[in-house]
Amino acid sequence: MDVSVARDRLARAEHDLKKRAPVIEKRERYDRGEQDLPFAPQGVNTEYQELREQAVANYFTIAKSAPVQRLRTDSIRTGLGEDVDKQMWDVFKANKFPSRQSMIYESMLLHGRGIASCWPNLADRSKPIIRPESLLRVHVEMDPDDPYTPLWAAKVFTVNELSPTMNGFVLPSGVTTSQKTVGIVYDATSMVRFERGGYAGTGEWEFTKDGTHPMRRVPFALYDYTVNDKGAPWSAMDSLIPQQDAINTIRFNTLLAMQFSAFRQRIVVGFDPVMKDRDGNILYRKKQDGSLEVDGNGNPVPLLSTPGRVGVDRLLAFPGGETKVFDLPESNLGNYIEVLESFLVQFFSTGQIPPQYLLSQMANLSGDALAGAESTLASLVKELQLSGGEGNADLSELAWYAAGNSEPYGAAEAVWADAEARSFAQIIDAITKLISQGFPRRSAWEMIPGATPQKVERWMVQATEDGFANRLMQAARPTVTVSTVNDQTEITDDAPAVVG
């Protein structure tokens with residue numbers, strides 16, 4: 001790749017990354033629970049502000065985590081034999097993929113696209129480096145002729161650089177560092193690295209090095225769940241953000257009602273606390289010397305009458321014939337709760353989340369009822385497995401060539417752990433019937449929840465050992481001799497045997 005072409009591509013990638021960063025950061029902020037507070041007028045007091053913060057309830061992350069938690073790849077089936085399958089899965093495990101794969105699936109559901117990178121490992125060529133990547137740092141440009149195939153990609157990230165005068169020594173805290181930005185552009189065969197800033201750098205991209213790679217295509221695997229006809233992803237979770245805001249607003253209004261109108265309010269009207277004499281003249285407070293007491297503005301302070309403290313064991317008496325006392329009824333908080341529950345049902349229905357995630361909605365479910373209730377979530381999980389499986393297959397192909405293999409890789413597929421809600425007894429019964437009908441035992445055991453290639457292999461060895469031990473036990477048993485009946489003696493149903 002020419003350096004000038006790489007520089008132009010890097011500038012375009014950086015522009016697109018900055019353009020989409022606010023949208024990506026908002027989704028991730030909502031996922032963390034750092035959501036927009038419900039509306040309140042400017043200048044509200046501390047009490048109102050605390051209620052706004054308490055009103056935020058993060059249902060958004062439940063809608064994201066529920067399907068992602070059921071996505072787990074247990075192995076890769078390459079079609080090149082069990083030895084190659086084990087070799088490729090060992091590569092994934094060496095990169096802690098079993099625990100890190102959820103990061104890719106979360107990005108796939110949250111943003112519509114998850115990304116994983118693959119690069120040769122110079123320390124151990126048989127174990128390529130596989131890493132989940134962030135959409136905030138990686139831009140993938142699709143081929144205009146084929147909008148579903150990457151043409152080139154760029155990764156932009158920052159690192160902290162120590163001063164060259166430190167000579168590698170570790171200095172006490174407080175020593176300043178300089179931030180350097182690194183940009184790397186990849187195509188199907190090569191890469192070009194640029195750097196900007198740092199102690200010795202400038203404000204422009206400076207070429208540092210270039211090289212080639214063996215992956216035969218852009219070294220990023222795409223996990224696309226929702227893409228348009230131009231190959232651009234879009235988030236299926238965006239429609240839940242306004243609903244999450246509405247739920248927070250309902251909770252805020254409920255908290256306000258609980259704070260100020262959840263109980264009966266006593267109202268007094270027509271009561272004038274200023275004391276007056278018989279002629280209607282205002283009485284003023286006096287000092288000990290008989291002079292009038294004045295306030296800060298120099299005005300005399302009137303005498304005030306008080307009905308006393310309010311209490312259930314006290315009677316309030318108000319002077320004056322125009323005074324009236326009455327009650328305001330408390331608010332019906334059940335109306336707020338009913339609206340909130342309705343909005344929650346709509347929220348989870350939009351996210352294809354079954355009602356048992358709201359624990360008050362369902363109880364005492366049988367296995368069949370639970371499976372029926374989770375049918376929509378199971379459909380969503382299967383759809384995500386299709387997209388995630390394609391990404392895992394592409395990633396395994398990148399790792400195959402990164403490991404130094406030159407022969408064609410062929411088609412691969414991901415083996416997913418069973419995530420559907422079923423009774424374990426039903427699963428075992430079905431597996432037993434399959435084996436009795438001649439279905440391969442290894443393939444049947446792979447259907448057991450939690451089965452991995454290593455577990456199945458161990459089960460096969462143990463089954464072989466147990467079978468051999470049973471045959472030895474049968475061979476060691478003593479032979480039982482059965483005596484025969486004398487051929488000259490006839491035994492019939494209606495006559496006893498003749499002895500003698």
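**Exercise 1. Find where leucine 283 lies in this predicted model, and work out how its exposure is classed and which surface patch it helps to make.**

Solution. Leucine 283 is placed in the loop between strand 10 (265-269) and strand 11 (324-328), and the model in which we look for it is a predicted one. The next step is its exposure: the relative accessibility of leucine 283 is 30%, and since buried means under 20% and exposed over 50%, with partly exposed in between, leucine 283 counts as partly exposed. The last step is to look at the surface, where Leu283 joins Met275 and Leu303 in making a nonpolar patch of about 200 Å².

**Exercise 2. Describe the open sheet that contains strand 6, giving the order of its strands and naming its edge strands.**

Solution. Begin with the order, which is 4-5-6-7-8, so that the open sheet has five strands, and their pairing is antiparallel. In general, the strands of a sheet pair through backbone hydrogen bonds, in either a parallel or an antiparallel manner. Turning to the two ends of the order 4-5-6-7-8, we find the edge strands, strand 4 (138-142) and strand 8 (206-212), each of which pairs on one side only. Neighbouring strands of this sheet are, on average and with direction ignored, turned by 15 degrees against each other.

**Exercise 3. Follow strand 6 in detail: how many bridges does it share with strand 5 and with strand 7, and which residues stand opposite one another?**

Solution. Take first the side of strand 5 (residues 150-161), which pairs with strand 6 in the antiparallel sense over nine bridges. Along this pairing, asparagine 160 stands opposite glutamine 179 of strand 6, while lysine 155 stands opposite isoleucine 184 of strand 6. Now take the side of strand 7 (residues 190-197), which runs antiparallel to strand 6 and is joined to it by seven bridges; here valine 182 has glutamate 195 of strand 7 opposite it. The link between strand 6 and strand 7 is a hairpin that passes through three residues. As a final step, consider how strand 6 is covered: of the nine residues in this strand (178-186), eight are buried.

**Exercise 4. Locate arginine 216 and glutamine 352, and state the phi and the exposure of each.**

Solution. Arginine 216 belongs to the loop between strand 8 and strand 9 (220-224), and although this residue is not a glycine, its phi is positive, at about 70 degrees. Its relative accessible area is 48%, which makes arginine 216 partly exposed. Glutamine 352 sits in the loop between helix 7 (333-350) and helix 8 (367-373), and here too a residue that is not a glycine has a positive phi, of about 60 degrees. With a relative accessibility of 29%, glutamine 352 counts as partly exposed.

**Exercise 5. Summarise the protein chain by its secondary structure, its burial, its contacts and its surface.**

Solution. Start with the secondary structure, which comes to 12 helices and 12 strands. Then turn to burial, where 33% of the 500 residues in the chain are buried. Among contacts with a separation of 6 or more, 64% are between residues 24 or more positions apart. Finally, the accessible surface of the chain is about 30300 Å², and 53% of this belongs to carbon and sulfur atoms.

How values were computed:
Residues are numbered from 1 along each chain as its sequence is written. This is a predicted model: local features need pLDDT of at least 70, side-chain atom pairs count only at pLDDT 80 or more; totals for chains, interfaces and linings use all residues. Side-chain values use heavy atoms; hydrogens and water are left out. Buried means under 20% relative accessible area, exposed over 50%, partly exposed in between (1.4 Å probe, protein chains only). Helices (H or I, at least four residues) and strands (E, at least two) are DSSP runs, numbered from the N terminus. Two strands pair if DSSP finds at least two bridges between them. Patches are made of residues with over 30% relative accessible area and no salt bridge: like charges are joined within 9 Å, nonpolar side chains (Val, Leu, Ile, Met, Phe, Trp, Tyr) within 5 Å. Accessible areas come from the Shrake-Rupley method with a 1.4 Å probe; for residues, only the protein chains shown count as cover. A salt bridge is a side-chain nitrogen of Lys or Arg within 4 Å of a carboxyl oxygen of Asp or Glu. Axes are lines fitted to C-alpha atoms, for helices over the stretch in contact, and angles run from 0 to 180 degrees between N-to-C directions. Contact means heavy atoms within 4.5 Å.
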